[in-house]
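Me: Please take a close look at a single part of this model, one helix and the elements around it. I would like one connected account rather than a list.

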Protein chains: 2
Amino acid sequence: MKKNTFSIIEMAKAAQKAAQNSLRLSSQLKDKVLQEMAESLWQKRTHIIKENQKDLSLAQKNKISKAMLDRLMLDDKRIQSMSQALRDIATLSDPVGQVLKAWCRPNGLWIHKVRVPIGVIAIIYEARPNVTSDCIGLCFKTSNSVILRGGSEAINSNIAIYEILRSVLVKNNIDPAMINFITTGDRSVVDELLKLNDYIDLVIPRGGEELIKKVVSSSRIPVIKHYKGICHVYVDEWADLNMAEKICLNAKLQRPAVCNAMESLLVHQDVAPRFIPLCLKKFYEANVEIRGCALTQKIAKGIPIKLATEQDYRTEYLDLKISVKVVKSLEEAIEHINTFGSHHSDTIVTENYNSALEFLRLVDSACVYVNASTRFTDGGQFGMGAEIGISTDKLHARGPMALEELTTYKYMVFGSGQVRS
Amino acid sequence: MKKNTFSIIEMAKAAQKAAQNSLRLSSQLKDKVLQEMAESLWQKRTHIIKENQKDLSLAQKNKISKAMLDRLMLDDKRIQSMSQALRDIATLSDPVGQVLKAWCRPNGLWIHKVRVPIGVIAIIYEARPNVTSDCIGLCFKTSNSVILRGGSEAINSNIAIYEILRSVLVKNNIDPAMINFITTGDRSVVDELLKLNDYIDLVIPRGGEELIKKVVSSSRIPVIKHYKGICHVYVDEWADLNMAEKICLNAKLQRPAVCNAMESLLVHQDVAPRFIPLCLKKFYEANVEIRGCALTQKIAKGIPIKLATEQDYRTEYLDLKISVKVVKSLEEAIEHINTFGSHHSDTIVTENYNSALEFLRLVDSACVYVNASTRFTDGGQFGMGAEIGISTDKLHARGPMALEELTTYKYMVFGSGQVRS
């Protein structure tokens, strides 16, 4: 354990030093390196796939679920898409150096608020191997150093990807300590890492709720959380019910296992008798398990619906399941969403101007929609290019977290001898 | 202890509810209320001064230093200035509702990134009673609920101010739970508070390093830190030495006990023989205790200078003391500042274009100056109006933290039936 402690501190110190030097990197050079990274991943795909096979064999031995196996698996097509993601990042504009504001004070001081890198970012994740190359690409583009800690089930694939990308830095005479991967499985290393607030500026945990809670409760470093998405569609009394049905089906079924999928459907009592039987029939036919309030059960007779508990309304199913509730008013819908939701993405379907504005104003979520599927909460769909994740925090970054959100700012002040009187 | 635990949770819940309702408050109403708060403070100054006398008597019994007594004392003039600060906040423009960006996606989705309040903000402070009214004014202006916990030495003054301002909300039919003050001295209440991440969105500790470290290590709520200011002036080889002397004297002497005062002076070796004897003589004559490197001692013969230790370069004196170091190059100065400083405010004095740009780019501090005193790091001096403090964090807010920094954003998305394919 002593040895690990030592090495994680050394890794963090080297990463900090590399981050300081990275302020000299031009956007041109960074984009050239990103293109080379993309090329190198593709050239060395045979090696990556070989290493991925090791992870897959072990996973099969450990009897990991089919869905998990599929997420772990890499083939030519998936490596091409990882490679393309790096090329896409190269083509986005560099936020570093952007002047957010500039103004002149009466005494002649000229103040610039300028985007700069955050410094050293640690990312702890449990997801697919493509997260490794995405995070490296996004952090490098923004001149941040990154320390990655991936899930043990993908360790061989992750190391292969990391080594290929890091070697492109060496080839370009850039300090390779900008890219770091924790190869040891020792869990105490993460505990040590979370204490290194002198060297690491930000921790982003991506994974299950347990992982995130653990990081939050023990970190001295600021954390940006990517918690669950308990997303709602509220069908207002003034809704176009055809549109509402399309949005509901899309929000749940287009990809049920993601954080921006709908988990909970709220329906105004005045349209419930017309909307619920037709819409829930479609969900039932699509093999969606439905849990509803007593009124929902009554209205949707013939469709098997379990009685929803309060816990159902607080649950992110990430599966072919939904909870349904009939509400008396827009106010009740808003209060339900603010109380039971996770402040991620919520939609109202309505043709009424005032209902739309009230919902937009009062729902306290990262993304609040009128007449659109919650599935649009995504860096790519918002037009931000690649994303590091979707923040459910309110501080620093909220919603899709892309290049700009990986920067901070500093004030550059140009004087000509001013002193304070 | 049970009872306190209960009450702090109830306070936080009520504050959260009030914050949700405050989204309905118009800027006009808020500004009217702020003007009434200012008026009410002034009208009730006799009561405030009477309560302040209780704090002063107790402080004298406890043999608190003269400087502390002076910070604690309220008179007509100081109450007028607190009142004026509230009027100033009323005249600033409301950041809530400001559209930071808006764009249309190819599918017709119209995305708005809009400033919204953070929600519930807890402020734990040890400072003067005016902080109470400043924080209440700034949080109310930005539609945030606030939970205040002030220092025990100012408890009577703080409660008087808090009660006066809160009663203005009642008079205007605004939920008074937007403004909260923890009156109990029980320290376990703060420990409880720091666990209430379901109700409180942000904690701002303002005070000594120990207080801040304690909050950071035990909080589950995001913290924005206002750490110490170890600020530097670097006198470059290309400096105008007259200007350098004026800036150094101002940065240290204009108000030595504040966080943006200079603590450490770095001088390029080529100008040290000309600059150090003259400048340090002035500091000596102003009763400043000087600690310097061996070369400084040698150059400034005749002026008593203690040998500086590494600890001196890491110390925020907040007093008539400075540390001095002769450096070989701009690079050494930058590395010293990034290593020993506190990333607060640092200045280069130079006439050389490249030195200026290099310093601005590579010094990793909230405010980086060319040819100006570090004393300008201040919300008022930057033209932001009142400030809640000066953040030494990199996440969310960096440098002077004013109204905009008390907001977050959400995405409001206007659709017309879009679903994801």
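The reply below starts with the helix and works outward.

Reply: The model is predicted, and the part chosen is helix 6 of chain A, residues 130-141. Helix 6 of chain A has twelve residues and spans 17 Å from its first C-alpha to its last, close to the 16 Å expected at 1.5 Å a residue. Just after helix 6 of chain A comes A:Ser143, with a positive phi of about 60°.

Eleven of the twelve residues of helix 6 of chain A are buried, so the helix is largely enclosed by the rest of the structure. Buried here means that 20 or more other C-beta atoms lie within 10 Å of the residue's own. Among these residues are A:Val131, A:Ile136, A:Leu138 and A:Phe140, but also A:Asp134 and A:Lys141. The cover over the buried residues includes three helices of chain A, namely helix 2 (27-43), helix 5 (76-91) and helix 7, together with strand 3, strand 4 and strand 5 of chain A.

The strands in that cover belong to a sheet. In chain A, four strands form an open sheet with parallel pairing, in the order 5-4-3-6. Strand 5 (179-181) and strand 6 (202-206) of chain A stand at its edges, each with a single partner strand, so one side of each is left without a neighbour in the sheet. From one strand to the next, the twist averages 15°. Strand 4 (residues 145-149) of chain A runs parallel to strand 5 of chain A and is joined to it by three bridges. Within this pairing, A:Ile147 stands opposite A:Asn180 of strand 5 of chain A.

Two helices can be placed against the sheet. Helix 7 (residues 155-171) of chain A packs on it, touching strand 4 and strand 5 of chain A, and its direction makes about 160° with that of strand 5 of chain A. Helix 9 of chain A also packs on the sheet, touching strand 3 (120-125) and strand 6 of chain A, and its direction makes about 160° with that of strand 6 of chain A.

Helix 9 leads on to the other chain. Between the chains, 56 residues of chain A are in contact with 56 residues of chain B. Helix 9 (209-218) of chain A is one of the elements that each supply at least two residues of the side of chain A that touches chain B. The largest share of that side, eleven residues, comes from strand 16 of chain A.

Notes: Residues numbered from 1 in each chain as written. Chains lettered and ligands numbered in written order. Predicted model: local features only at pLDDT ≥ 70, side-chain atom pairs only at ≥ 80, totals over all residues. Contact = placed C-beta atoms within 7 Å. Pairing = 2+ DSSP bridges. Axes fitted to C-alpha atoms, helices over the stretch in contact; angles between N-to-C directions. Expected span 1.5 Å × (residues − 1).
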